[in-house]
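Trainee: Got a minute to go through this one with me? I'd like to start with a strand and work outward.

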Amino acid sequence: MTPGGKNINIQNSVPEAWREFMTLALDQAERAAEIGEVPVGAVLIDDQGGILAADHNRSVTRHDPTAHAELLVIRAACLKLGNYRLPPCTLFVTLEPCSMCLGAMIWARLTRLVFGAFDPKCGCAGSVFNLAEEKSFNHTIEVTGGLMKEASINLLRTFFGSRRAKQLRLPEQPDIIRHHFE
Ligand code: ZN
């Protein structure tokens, strides 16, 4: 059960490659923290195991509340492929996606989503809502949550902890998770 109390598939045994891809997403999250962005990273993997795109949150530096890691990798992959729909592929992201990103995943016809930490305040892949598996929509996404979540939570806690220590004002906009990691 998720913090929101809804059923979601948290697998203990996942393909080893999934951990490697999530490690890449975590690397991206670390890069985000290095430039003062909320540490969330994402990678998009095709069904042959190829990396279509990798990126991290850029909302603060771009002054763009939509520049979440998930949206950036979807945009990059669609541009690369010259198609507004994605081929069969899996999006790995270190934090449960928000409603905006889940909406984009549905429009892109994403096949599978694997995320790390749950977001009990904004997560829309099972925590607050489960838009990914909403049967009323014209597309559903297979979801696995909680993969390597400790590493993701540690990055977020360290990031917000160090910002507090420096007494820096937290950014106003895209900071979807600070309220429950502060
Ligand atoms: Zn988002």
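**Strand β5 and its sheet**

Mentor: Sure. In strand β5 (residues 142-145) the side chains alternate: Val 143 and Gly 145 point to one face and are buried, whereas Glu 142 and Thr 144 point to the other and are not. Buried means 20 or more other C-beta atoms within 10 Å of the residue's own, with C-beta atoms placed from the backbone (exposed is 12 or fewer, partly exposed in between). Strands here are DSSP E runs of at least two residues, helices H or I runs of at least four, numbered from the N terminus. It's a predicted model, so local features need pLDDT of at least 70 and side-chain atom pairs 80 or more, while totals for chains, interfaces and linings use all residues. Residues are numbered from 1 along each chain as its sequence is written.

Trainee: Which residue in β5 is the bridge partner of Phe 115?

Mentor: Strand β4 (residues 112-117) and β5 run parallel, joined by 4 bridges. DSSP needs at least two bridges for a pair. In β5, the partner of Phe 115 is Gly 145.

Trainee: Which strands stand at the edges of the sheet?

Mentor: The sheet is open, with 5 strands in the order β2-β1-β3-β4-β5 and mixed pairing. Two of them have a single partner strand each, so one side of each lacks a neighbour in the sheet. Those edge strands are β2 (51-56) and β5.

Trainee: What residue in β4 does Leu 95 stand opposite?

Mentor: Strand β3 (residues 89-95) runs parallel to β4, with 5 bridges joining them. Opposite Leu 95 in β4 stands Ala 117.
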